[in-house]
Amino acid sequence: MRDTALRDHLVRLLDWEEAHVGFDKAVTGIAADARGARAAGFEHSPWQLLEHMRLAQEDILDFCINANYEHTMTWPDDYWPSAGPPNDAAWRTSVASFTRTREQLKALARDVEDLTATVPTGKANQTYLRAILLVADHTAYHVGQLVAVRRALGVWK
């Protein structure tokens, strides 16, 4: 019973909006011309934040489920894209990909046999539970940045 309650909380944690705006609301309604814009005083555009969240989440998911995972991305260059999306399709694809991998992480939280087990290619402290919490924390941080950038750009409702 306790394990089920923990798993339910983890699933909710990946996209809840109980304490702050969630990913889905933060990425909805940004006009194409604002997606690559940088507000004064902000380092990243909405596109950069979206892609960074997507890339990091996909990398962590792959780390968790791929027994042959190899970390080939270079920090920070491979995790931060250029200022703007090449087109509307790229934006939609990135949002859809983030949403899809978030659902896969929820399934992992529900179904992995032991949340405290080390992921296949991880070190002792690199457990499934740690990875899920890392994704949730990372996403919440950057969603907050995205909302702040949207406010500064005047595209937050």
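This passage walks through two helix pairs, the largest pocket and two loop residues in a predicted model.

Helix packing comes first. Two packed helices are described by the angle between their axes and the distance between the axes. For helix 3 (46-65) and helix 5 (128-153), the axes come within 9 Å and cross at roughly 175°. An angle over 145 degrees counts as roughly antiparallel, so helix 3 and helix 5 get that label. On the helix 3 side, the contact is made by Pro46, Leu49, His52, Met53, Ala56, Gln57, Ile60 and Cys64. Helix 5 brings a list that includes Tyr128, Ala131, Leu134, Val135, His138 and Leu153. Sorted by class, the residues of this contact come out as 14 nonpolar, six polar and no charged.

Helix 1 (2-13) and helix 4 (88-111) make up the other pair. Their axes sit 8 Å apart, at an angle of about 170°, which means that helix 1 is roughly antiparallel to helix 4. Arg7, Leu10 and Val11 of helix 1 meet Lys106, Leu108, Ala109, Arg110 and Asp111 of helix 4. Here the class split is four nonpolar, no polar and four charged residues.

Next up is the largest pocket, which holds about 330 Å³ of space. Its lining is made of Ala56, Asp59, Ile60, Phe63, Tyr69, His71, Tyr79, Gln126, Arg130, Ala131, Leu134 and His138. Helix 3 and helix 5 each supply at least two of these residues. Some names turn up again from the contact of helix 3 with helix 5: Ala56, Ile60, Ala131, Leu134 and His138 belong to that contact and to the pocket lining. By class, the lining has seven nonpolar, three polar and two charged residues.

That leaves the two loop residues. Thr127 lies in the loop between helix 4 and helix 5. Its relative accessibility is 13%, so Thr127 counts as buried, the cut-off for that being under 20%. Leaving aside residues up to four places away in sequence, Thr127 touches Leu115, Thr116, Ala117, Thr118 and Val119.

Glu17 is found in the loop between helix 1 and helix 2 (23-27). With a relative accessible area of 44%, Glu17 is partly exposed. Residues up to four places away in sequence again set aside, Glu17 touches Gly22 and Lys25. Glu17 can also be placed relative to Ala140: the two are 123 residues apart in sequence, with 9.8 Å between their C-alpha atoms.

Notes
Residues numbered from 1 in each chain as written. Predicted model: local features only at pLDDT ≥ 70, side-chain atom pairs only at ≥ 80, totals over all residues. Heavy atoms only, no water. Helix = DSSP H or I, 4+ residues; strand = E, 2+ residues; numbered from the N terminus. Buried < 20%, exposed > 50% of the residue type's maximum accessible area, 1.4 Å probe, protein only. Contact = heavy atoms within 4.5 Å. Axes fitted to C-alpha atoms, helices over the stretch in contact; angles between N-to-C directions. Parallel < 35°, antiparallel > 145°, perpendicular 65-115°, else oblique. Nonpolar A, V, L, I, M, F, W, Y, C, P; charged D, E, K, R; others polar. 1 Å grid on protein atoms, 1.4 Å probe; cavity = no way out; pocket = protein on both sides within 12 Å on 5 of 7 lines; lining within 4 Å. Points joined across faces, edges and corners; volume = space filled by probe spheres on them.
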